[in-house]
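Let's take a walk through this one, starting with the cysteines and working outwards to the whole chain.

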Amino acid sequence: MSEEISPMKLIPIGVIHTPYKRREDIPRQGRLSEEICQIEIFPDFEEGLKDVDQCTHLFVLFWLHLGDRKRLLATPPISDREHGVFATRSPNRPNPIAIDIVQLLGVEGSRLTVKGMDALDGSVLLDIKPYFTDMDSIADARVGWQKKAD
């Protein structure tokens with residue numbers, strides 16, 4: 001690269017509360033879980049929740065603090081071979097950032113009640129964005145290496 005890229009600074013905006021205390025407790029995908037979870041927004045960012053109660057679903061970005069930042073290959077549970085981490089949803093990646101699509105069940109002050117998280121309890125919240133069906137759903141998107149469902 002001809003230009004030097006300066007380090008980025010992420011600011012935690014909250015913390016995620018889930019029943020998952022150990023990595024082994026976390027479901028393979030959050031959308032497969034019926035567990036109810038809480039997202040706590042820190043007071044400095046509570047104003048950013050204005051109108052979030054009008055969303056049915058949200059993207060939640062969070063930090064995978066136990067992820068191995070050096071691993072570049074992963075074998076997902078749905079595959080029998082290794083793939084590059086950028087072709088998987090492995091928690092082990094250079095920047096261990098995760099994204100969940102959650103159903104928003106309620107908002108009370110600075111707390112969101114959601115369903116569909118696969119975050120470890122105490123995970124750092126990085127951002128929240130609304131999920132738009134017409135923009136965020138791509139019906140013909142495929143992952144070529146993924147096994148076909150029976």
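## Cysteines

There are zero disulfides in this structure, which is a predicted model. Take Cys37: its nearest cysteine sulfur belongs to Cys55 and sits 18 Å away, and Cys37 is in no disulfide. Seen from the other end, Cys55 is in no disulfide either, with the sulfur of Cys37 as its nearest cysteine sulfur, at 18 Å. A disulfide needs the two sulfur atoms within 2.5 Å, so the 18 Å to the nearest cysteine sulfur rules one out for Cys37.

Is Cys37 buried or exposed? Cys37 is buried, because its relative accessible area is 1% and the cut-off for buried is under 20%.

## The barrel

So what do the strands build? Six of them close into a barrel, and going round it you meet S1-S2-S7-S6-S3-S8, with antiparallel pairing. From one strand to the next, the twist averages 45 degrees.

Zoom in on one pairing: S2 covers residues 36–41 and S7 covers residues 111–115, and the two run antiparallel, joined by five bridges. As for Glu40, its bridge partner in S7 is Arg111.

## The nonpolar core

Which residues have the most contacts inside the largest nonpolar core? They are Ile39, Leu112 and Met117, in a core of 21 residues. S2, S3 (57–63), S6 (97–108), S7 and S8 (124–130) each supply at least two residues of this core. As a general point, nonpolar side chains tend to be buried together in soluble globular proteins.

Met117 is worth a click in your viewer. Setting aside neighbours within four places in sequence, Met117 is in contact with Ile39, a fellow core residue, and with Cys37. The list for Met117 also includes Ile16, Thr18, Tyr20, Pro27 and Gly30. Further along the sequence, Val60, Phe62, Asp100 and Val102 are in contact with Met117 too.

## The whole chain

Stepping back, the protein chain has one helix and eight strands. Reading from the N terminus, the order is β-β-β-β-β-β-β-β-α. The C-alpha atoms fill a box of roughly 50 × 45 × 35 Å along the principal axes.

Of the 150 residues in the protein chain, 32% are buried. The accessible surface comes to about 10,600 Å², and carbon and sulfur atoms hold 52% of that. Looking at contacts with a separation of 6 or more, 75% are between residues 24 or more positions apart.

Notes
Residues numbered from 1 in each chain as written. Predicted model: local features only at pLDDT ≥ 70, side-chain atom pairs only at ≥ 80, totals over all residues. Heavy atoms only, no water. Pairing = 2+ DSSP bridges. Helix = DSSP H or I, 4+ residues; strand = E, 2+ residues; numbered from the N terminus. Axes fitted to C-alpha atoms, helices over the stretch in contact; angles between N-to-C directions. Buried < 20%, exposed > 50% of the residue type's maximum accessible area, 1.4 Å probe, protein only. Contact = heavy atoms within 4.5 Å. Areas by Shrake-Rupley, 256 points an atom, 1.4 Å probe, with all protein chains shown as cover. Core = buried A, V, L, I, M, F, W, Y, C linked by side-chain atoms within 4.5 Å.
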